[in-house]
Amino acid sequence: VCLVETVMGDESSVVAAAVVVPVRATRLLPWPHRMVYQSRYANLSGVLLDAQHGDEALVLLLAELRRLGGLAGGLEVRPCWADGVLARRAMAHRQLRGIVHHDVVSDRRAVLVTRHAADQLLAMEGTSRMRQLRRHARLLSRRGTVGWRWHREGGVPAAAEAFLALEHAGWKGKQGTSLRSTPADEAFFRAMVSGFAAEGRALFVELTLDDQPIASICNLVSGRMAHGFKIGWNPAYRHYAPGLLNEIELMRGAQSAFPDIDEFDSGSMPFGYIDELWPTRRRLASVILPAGPISSAVAQAASAAWRLRRTLRPVADPAPWPR
(Lines give C-alpha, C1' and ligand atoms only; values in the text may rest on other atoms or scores of the structure.)
Protein backbone atom coordinates (compact mmCIF):
# COMPACT_ATOMS: atom_id res chain seq x y z
CA VAL A 1 0.00 0.00 0.00
CA CYS A 2 1.67 3.19 -1.22
CA LEU A 3 0.72 6.48 0.40
CA VAL A 4 2.02 9.97 -0.40
CA GLU A 5 1.52 12.55 2.31
CA THR A 6 2.07 16.24 2.84
CA VAL A 7 3.49 17.15 6.24
CA MET A 8 3.07 20.50 7.93
CA GLY A 9 4.43 20.52 11.46
CA ASP A 10 2.82 17.71 13.37
CA GLU A 11 0.00 17.24 10.89
CA SER A 12 0.03 15.08 7.77
CA SER A 13 -2.50 14.59 4.98
CA VAL A 14 -2.69 11.80 2.39
CA VAL A 15 -2.63 13.19 -1.17
CA ALA A 16 -2.24 9.91 -3.10
CA ALA A 17 -2.94 6.25 -2.46
CA ALA A 18 -2.33 3.14 -4.52
CA VAL A 19 -2.55 -0.58 -3.77
CA VAL A 20 -0.01 -2.35 -5.99
CA VAL A 21 1.10 -5.93 -6.59
CA PRO A 22 4.32 -7.18 -8.23
CA VAL A 23 3.99 -8.89 -11.62
CA ARG A 24 6.64 -10.60 -13.71
CA ALA A 25 5.45 -9.31 -17.07
CA THR A 26 2.38 -8.27 -19.03
CA ARG A 27 1.76 -7.71 -22.72
CA LEU A 28 2.25 -3.95 -22.29
CA LEU A 29 5.33 -4.02 -20.06
CA PRO A 30 7.09 -7.35 -20.62
CA TRP A 31 9.39 -7.38 -17.60
CA PRO A 32 9.02 -7.18 -13.80
CA HIS A 33 7.03 -4.17 -12.60
CA ARG A 34 4.07 -3.32 -10.41
CA MET A 35 0.39 -3.18 -11.24
CA VAL A 36 -2.43 -1.46 -9.40
CA TYR A 37 -4.40 -4.18 -7.63
CA GLN A 38 -7.83 -4.92 -9.03
CA SER A 39 -10.25 -7.33 -7.44
CA ARG A 40 -12.22 -9.71 -9.66
CA TYR A 41 -15.36 -7.67 -8.98
CA ALA A 42 -13.86 -4.33 -10.01
CA ASN A 43 -14.68 -2.89 -13.43
CA LEU A 44 -12.17 -0.04 -13.20
CA SER A 45 -8.76 0.51 -11.70
CA GLY A 46 -6.85 3.61 -10.71
CA VAL A 47 -4.83 5.64 -8.25
CA LEU A 48 -6.48 7.98 -5.75
CA LEU A 49 -5.10 11.48 -6.31
CA ASP A 50 -5.59 14.79 -4.57
CA ALA A 51 -6.64 17.47 -7.06
CA GLN A 52 -4.04 19.97 -5.86
CA HIS A 53 -0.98 17.75 -5.40
CA GLY A 54 -1.67 14.97 -7.93
CA ASP A 55 1.28 15.55 -10.26
CA GLU A 56 3.84 15.80 -7.46
CA ALA A 57 2.34 12.76 -5.76
CA LEU A 58 2.62 10.63 -8.91
CA VAL A 59 6.27 11.64 -9.38
CA LEU A 60 7.07 10.66 -5.79
CA LEU A 61 5.16 7.39 -6.17
CA LEU A 62 7.20 6.48 -9.23
CA ALA A 63 10.43 7.43 -7.48
CA GLU A 64 9.61 4.97 -4.71
CA LEU A 65 8.79 2.23 -7.22
CA ARG A 66 12.08 2.94 -8.96
CA ARG A 67 13.91 2.56 -5.65
CA LEU A 68 12.19 -0.76 -5.02
CA GLY A 69 12.46 -2.14 -8.53
CA GLY A 70 15.39 -0.43 -10.23
CA LEU A 71 15.18 0.46 -13.93
CA ALA A 72 12.94 -2.54 -14.51
CA GLY A 73 10.23 -0.96 -12.38
CA GLY A 74 7.13 0.92 -13.39
CA LEU A 75 3.43 1.09 -12.67
CA GLU A 76 0.65 -0.31 -14.83
CA VAL A 77 -2.98 0.75 -14.34
CA ARG A 78 -5.78 -0.99 -16.24
CA PRO A 79 -8.45 -0.40 -17.11
CA CYS A 80 -9.14 3.27 -16.44
CA TRP A 81 -10.91 6.04 -18.31
CA ALA A 82 -8.91 7.24 -21.29
CA ASP A 83 -10.12 10.78 -20.64
CA GLY A 84 -9.77 10.54 -16.86
CA VAL A 85 -7.51 12.50 -14.55
CA LEU A 86 -4.81 9.82 -14.32
CA ALA A 87 -4.50 9.39 -18.10
CA ARG A 88 -4.40 13.15 -18.70
CA ARG A 89 -1.74 13.72 -16.06
CA ALA A 90 0.33 10.79 -17.23
CA MET A 91 0.51 12.24 -20.73
CA ALA A 92 0.92 15.90 -19.79
CA HIS A 93 3.62 15.76 -17.10
CA ARG A 94 7.09 15.53 -18.62
CA GLN A 95 8.59 13.73 -15.60
CA LEU A 96 6.03 10.94 -15.79
CA ARG A 97 6.59 9.96 -19.45
CA GLY A 98 3.26 8.16 -19.29
CA ILE A 99 1.90 5.92 -22.03
CA VAL A 100 -1.84 5.60 -22.61
CA HIS A 101 -2.68 2.41 -24.50
CA HIS A 102 -6.04 1.94 -26.22
CA ASP A 103 -7.07 -1.60 -27.06
CA VAL A 104 -8.69 -1.35 -30.48
CA VAL A 105 -11.06 -4.22 -29.70
CA SER A 106 -12.35 -3.66 -26.17
CA ASP A 107 -11.68 -0.02 -25.39
CA ARG A 108 -15.26 1.29 -25.39
CA ARG A 109 -17.82 0.89 -22.65
CA ALA A 110 -21.50 1.82 -22.71
CA VAL A 111 -22.42 4.69 -20.40
CA LEU A 112 -25.71 6.44 -19.77
CA VAL A 113 -25.52 10.24 -19.69
CA THR A 114 -28.48 11.20 -17.55
CA ARG A 115 -29.30 14.46 -19.31
CA HIS A 116 -29.49 12.62 -22.66
CA ALA A 117 -31.22 9.45 -21.44
CA ALA A 118 -34.83 10.51 -22.11
CA ASP A 119 -34.01 11.77 -25.61
CA GLN A 120 -32.13 8.56 -26.43
CA LEU A 121 -35.09 6.52 -25.27
CA LEU A 122 -37.42 8.62 -27.45
CA ALA A 123 -35.16 8.08 -30.47
CA MET A 124 -35.48 4.31 -30.00
CA GLU A 125 -39.29 4.32 -30.01
CA GLY A 126 -39.71 3.08 -33.57
CA THR A 127 -37.16 0.26 -33.39
CA SER A 128 -38.08 -3.41 -33.37
CA ARG A 129 -36.32 -3.83 -30.01
CA MET A 130 -38.55 -1.20 -28.36
CA ARG A 131 -41.70 -2.67 -29.89
CA GLN A 132 -40.71 -6.03 -28.48
CA LEU A 133 -40.00 -4.58 -25.02
CA ARG A 134 -43.33 -2.72 -24.99
CA ARG A 135 -45.05 -6.03 -25.78
CA HIS A 136 -43.17 -7.68 -22.89
CA ALA A 137 -44.30 -4.86 -20.58
CA ARG A 138 -47.94 -5.27 -21.63
CA LEU A 139 -47.87 -9.02 -21.08
CA LEU A 140 -46.16 -8.61 -17.72
CA SER A 141 -48.80 -6.09 -16.61
CA ARG A 142 -51.41 -8.83 -17.04
CA ARG A 143 -49.67 -10.72 -14.24
CA GLY A 144 -50.02 -7.86 -11.76
CA THR A 145 -49.08 -4.26 -11.06
CA VAL A 146 -45.70 -3.37 -12.56
CA GLY A 147 -43.64 -0.66 -10.84
CA TRP A 148 -40.18 0.85 -10.70
CA ARG A 149 -38.39 2.16 -7.62
CA TRP A 150 -34.97 2.89 -6.20
CA HIS A 151 -33.29 2.70 -2.81
CA ARG A 152 -30.46 4.98 -1.74
CA GLU A 153 -31.11 6.76 1.54
CA GLY A 154 -33.42 4.17 3.06
CA GLY A 155 -34.35 0.59 2.31
CA VAL A 156 -30.86 -0.38 1.17
CA PRO A 157 -30.46 -3.43 3.49
CA ALA A 158 -33.73 -4.96 2.25
CA ALA A 159 -32.83 -4.11 -1.36
CA ALA A 160 -29.43 -5.79 -0.91
CA GLU A 161 -31.09 -8.97 0.37
CA ALA A 162 -33.54 -8.98 -2.54
CA PHE A 163 -30.66 -8.45 -4.96
CA LEU A 164 -28.69 -11.39 -3.55
CA ALA A 165 -31.73 -13.65 -3.92
CA LEU A 166 -32.45 -12.53 -7.51
CA GLU A 167 -28.85 -12.93 -8.66
CA HIS A 168 -28.60 -16.38 -7.09
CA ALA A 169 -31.91 -17.54 -8.60
CA GLY A 170 -30.67 -17.27 -12.18
CA TRP A 171 -27.94 -18.96 -14.20
CA LYS A 172 -25.20 -17.55 -11.97
CA GLY A 173 -26.55 -19.53 -9.06
CA LYS A 174 -26.69 -22.72 -11.15
CA GLN A 175 -23.08 -22.21 -12.30
CA GLY A 176 -21.87 -21.31 -8.82
CA THR A 177 -20.74 -17.80 -9.79
CA SER A 178 -23.34 -15.77 -7.88
CA LEU A 179 -22.36 -13.84 -4.76
CA ARG A 180 -24.46 -16.15 -2.61
CA SER A 181 -22.68 -19.22 -3.99
CA THR A 182 -19.56 -18.33 -1.97
CA PRO A 183 -19.98 -17.28 1.69
CA ALA A 184 -16.89 -15.03 1.55
CA ASP A 185 -18.22 -13.19 -1.51
CA GLU A 186 -21.62 -12.72 0.08
CA ALA A 187 -19.98 -11.35 3.24
CA PHE A 188 -17.85 -9.00 1.12
CA PHE A 189 -20.95 -7.72 -0.68
CA ARG A 190 -22.82 -7.06 2.57
CA ALA A 191 -19.87 -5.18 4.08
CA MET A 192 -19.29 -3.16 0.91
CA VAL A 193 -22.93 -2.15 0.53
CA SER A 194 -23.12 -1.24 4.21
CA GLY A 195 -20.11 1.05 3.87
CA PHE A 196 -21.38 2.73 0.73
CA ALA A 197 -24.91 3.06 2.14
CA ALA A 198 -23.59 4.89 5.21
CA GLU A 199 -22.51 7.68 2.84
CA GLY A 200 -25.58 7.51 0.59
CA ARG A 201 -23.54 5.95 -2.21
CA ALA A 202 -25.25 2.56 -2.58
CA LEU A 203 -28.01 2.69 -5.19
CA PHE A 204 -30.40 -0.13 -6.08
CA VAL A 205 -32.99 0.23 -8.85
CA GLU A 206 -35.76 -2.36 -9.02
CA LEU A 207 -38.51 -3.46 -11.36
CA THR A 208 -41.39 -4.76 -9.24
CA LEU A 209 -44.48 -6.90 -9.77
CA ASP A 210 -47.16 -6.41 -7.12
CA ASP A 211 -44.52 -4.59 -5.06
CA GLN A 212 -42.10 -7.54 -5.16
CA PRO A 213 -38.73 -7.01 -6.95
CA ILE A 214 -38.27 -9.19 -10.03
CA ALA A 215 -35.17 -7.37 -11.37
CA SER A 216 -32.51 -5.35 -9.60
CA ILE A 217 -29.36 -3.39 -10.46
CA CYS A 218 -26.73 -2.61 -7.84
CA ASN A 219 -24.84 0.65 -8.46
CA LEU A 220 -22.03 2.25 -6.47
CA VAL A 221 -21.83 6.04 -6.59
CA SER A 222 -18.47 7.82 -6.73
CA GLY A 223 -18.51 11.57 -7.20
CA ARG A 224 -21.08 12.33 -9.88
CA MET A 225 -20.92 8.89 -11.48
CA ALA A 226 -22.75 5.65 -10.65
CA HIS A 227 -20.94 2.44 -11.48
CA GLY A 228 -22.92 -0.67 -12.30
CA PHE A 229 -21.77 -3.51 -10.04
CA LYS A 230 -24.07 -6.43 -10.82
CA ILE A 231 -27.61 -7.25 -11.95
CA GLY A 232 -30.13 -9.88 -10.95
CA TRP A 233 -33.58 -10.95 -12.11
CA ASN A 234 -36.17 -13.60 -11.40
CA PRO A 235 -35.89 -16.42 -13.98
CA ALA A 236 -39.60 -17.20 -13.52
CA TYR A 237 -40.29 -14.04 -15.57
CA ARG A 238 -37.49 -14.44 -18.11
CA HIS A 239 -39.96 -14.44 -21.04
CA TYR A 240 -40.80 -10.82 -20.18
CA ALA A 241 -37.14 -9.63 -20.16
CA PRO A 242 -37.38 -8.03 -16.69
CA GLY A 243 -33.70 -7.05 -16.69
CA LEU A 244 -34.08 -5.04 -19.90
CA LEU A 245 -37.34 -3.47 -18.72
CA ASN A 246 -35.52 -2.34 -15.58
CA GLU A 247 -32.83 -0.68 -17.73
CA ILE A 248 -35.51 1.06 -19.82
CA GLU A 249 -37.14 2.49 -16.69
CA LEU A 250 -33.73 3.69 -15.51
CA MET A 251 -33.32 5.58 -18.77
CA ARG A 252 -36.79 7.04 -18.43
CA GLY A 253 -36.35 8.29 -14.87
CA ALA A 254 -32.61 8.90 -14.48
CA GLN A 255 -32.55 12.67 -14.93
CA SER A 256 -35.40 13.44 -12.55
CA ALA A 257 -34.59 10.78 -9.95
CA PHE A 258 -30.83 11.31 -9.76
CA PRO A 259 -29.95 14.97 -10.41
CA ASP A 260 -26.58 14.57 -8.65
CA ILE A 261 -25.46 11.79 -11.04
CA ASP A 262 -24.10 12.78 -14.45
CA GLU A 263 -23.35 9.32 -15.84
CA PHE A 264 -24.08 5.66 -15.21
CA ASP A 265 -21.19 3.33 -16.01
CA SER A 266 -22.59 0.04 -17.30
CA GLY A 267 -19.48 -1.86 -16.22
CA SER A 268 -20.19 -4.26 -19.08
CA MET A 269 -17.95 -5.83 -21.66
CA PRO A 270 -18.26 -4.71 -25.31
CA PHE A 271 -21.07 -6.20 -27.40
CA GLY A 272 -23.20 -6.95 -24.35
CA TYR A 273 -26.96 -6.55 -24.08
CA ILE A 274 -26.67 -3.00 -22.76
CA ASP A 275 -24.99 -1.81 -25.98
CA GLU A 276 -28.39 -2.02 -27.67
CA LEU A 277 -29.93 0.42 -25.21
CA TRP A 278 -27.15 2.85 -24.30
CA PRO A 279 -25.60 4.33 -27.46
CA THR A 280 -23.00 6.53 -25.70
CA ARG A 281 -19.51 5.05 -25.38
CA ARG A 282 -16.61 6.09 -23.19
CA ARG A 283 -13.08 4.93 -23.94
CA LEU A 284 -11.05 2.74 -21.64
CA ALA A 285 -7.27 2.61 -21.59
CA SER A 286 -4.29 1.07 -19.88
CA VAL A 287 -1.86 3.61 -18.41
CA ILE A 288 1.81 2.78 -18.10
CA LEU A 289 3.98 4.95 -15.84
CA PRO A 290 7.55 3.77 -16.54
CA ALA A 291 10.08 4.14 -13.73
CA GLY A 292 12.93 4.96 -16.11
CA PRO A 293 13.92 5.58 -19.76
CA ILE A 294 14.55 1.89 -20.50
CA SER A 295 11.15 0.74 -19.27
CA SER A 296 9.59 3.68 -21.13
CA ALA A 297 11.14 2.57 -24.43
CA VAL A 298 10.08 -1.05 -23.88
CA ALA A 299 6.52 -0.04 -23.00
CA GLN A 300 6.27 2.18 -26.10
CA ALA A 301 7.43 -0.68 -28.32
CA ALA A 302 5.09 -3.21 -26.65
CA SER A 303 2.09 -0.90 -27.01
CA ALA A 304 2.85 -0.27 -30.69
CA ALA A 305 3.30 -3.99 -31.35
CA TRP A 306 -0.02 -4.81 -29.69
CA ARG A 307 -1.87 -2.20 -31.72
CA LEU A 308 -0.32 -3.53 -34.92
CA ARG A 309 -1.25 -7.08 -34.02
CA ARG A 310 -4.86 -6.10 -33.42
CA THR A 311 -5.03 -4.06 -36.62
CA LEU A 312 -3.53 -6.73 -38.86
CA ARG A 313 -5.68 -9.69 -37.97
CA PRO A 314 -3.67 -12.88 -38.15
CA VAL A 315 -4.51 -15.26 -40.99
CA ALA A 316 -5.29 -18.78 -39.85
CA ASP A 317 -2.89 -21.52 -40.94
CA PRO A 318 -4.26 -23.76 -43.71
CA ALA A 319 -5.71 -27.06 -42.58
CA PRO A 320 -3.19 -29.90 -42.78
CA TRP A 321 -3.53 -32.56 -45.42
CA PRO A 322 -5.26 -35.69 -44.11
CA ARG A 323 -2.96 -38.59 -43.42
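Helices and strands are taken here as DSSP runs numbered from the N terminus, with at least four residues for a helix and at least two for a strand. The model is a predicted one, and the description below turns from its open pockets to its enclosed space, its helix packing and its backbone geometry.

The largest pocket holds about 1,400 Å³ of space. Of the 41 residues that line this pocket, Leu44, Ser45, Gly46, Leu48 and Ser222 are the closest to its centre. Strands β2 (11-18), β5 (48-49), β6 (74-81), β11 (212-222) and β12 (225-233), together with helices α2 (85-92) and α7 (183-198), each supply at least two residues of the lining of the largest pocket. By class, the lining of the largest pocket divides into 25 nonpolar, 10 polar and 6 charged residues.

The second largest pocket, with about 560 Å³ of space, is lined by 27 residues, and those nearest its centre are Phe229, Lys230, Ile231, Ser266 and Tyr273. At least two residues of the lining of the second largest pocket come from each of β11, β12, α8 (242-257) and β13 (263-265). This lining comprises 14 nonpolar, 7 polar and 6 charged residues. Strands β11 and β12 thus each supply at least two residues to the lining of the largest pocket and at least two to that of the second largest pocket.

Enclosed space was also examined, and the structure holds 1 cavity of 30 Å³ or more, its volume being about 30 Å³. The lining of the largest cavity is formed by Ala215, Ser216, Ile217, Ile231, Gly232, Trp233, Gly243, Asn246 and Glu247, and the elements that give two or more residues to this lining are β11, β12 and α8. Of the residues that line the largest cavity, 4 are nonpolar, 4 are polar and 1 is charged. Ile231 in particular lines the largest cavity and is also among the residues nearest the centre of the second largest pocket.

Helix α8 also takes part in helix packing. Helix α3 (residues 114-123) packs against α8 at an angle of about 130 degrees, with the two axes 7 Å apart, and α3 is therefore oblique to α8. The crossing of α3 and α8 is left-handed. In this contact, Thr114, Arg115, Ala117, Ala118, Gln120 and Leu121 of α3 meet Ile248, Met251, Arg252, Ala254 and Gln255 of α8, so that, by class, 6 nonpolar, 3 polar and 2 charged residues take part.

The axes of helix α4 (residues 128-141) and α8 come within 10 Å and cross at roughly 105 degrees, which means that α4 is roughly perpendicular to α8. Here Arg129, Met130, Leu133, His136, Ala137 and Leu140 of α4 meet Leu244, Leu245 and Ile248 of α8, and the contact has 7 nonpolar, 1 polar and 1 charged residues. Ile248 of α8 accordingly meets residues of α3 as well as residues of α4.

Three features of the backbone were also noted in the model. Arg78 and Pro79 are joined by a cis peptide bond with an omega of about -10 degrees, and Pro79 is placed in strand β6, which supplies at least two residues of the lining of the largest pocket. Asp211, although not a glycine, has a positive phi of about 70 degrees and is placed in the loop between β10 (202-209) and β11. Ala241, likewise not a glycine, has a positive phi of about 55 degrees, and its place is in the loop between β12 and α8.

How values were computed
Residues numbered from 1 in each chain as written. Predicted model: local features only at pLDDT ≥ 70, side-chain atom pairs only at ≥ 80, totals over all residues. Heavy atoms only, no water. 1 Å grid on protein atoms, 1.4 Å probe; cavity = no way out; pocket = protein on both sides within 12 Å on 5 of 7 lines; lining within 4 Å. Points joined across faces, edges and corners; volume = space filled by probe spheres on them. Axes fitted to C-alpha atoms, helices over the stretch in contact; angles between N-to-C directions. Parallel < 35°, antiparallel > 145°, perpendicular 65-115°, else oblique. Left-handed = near helix turned anticlockwise from the far one by under 90°. Contact = heavy atoms within 4.5 Å.
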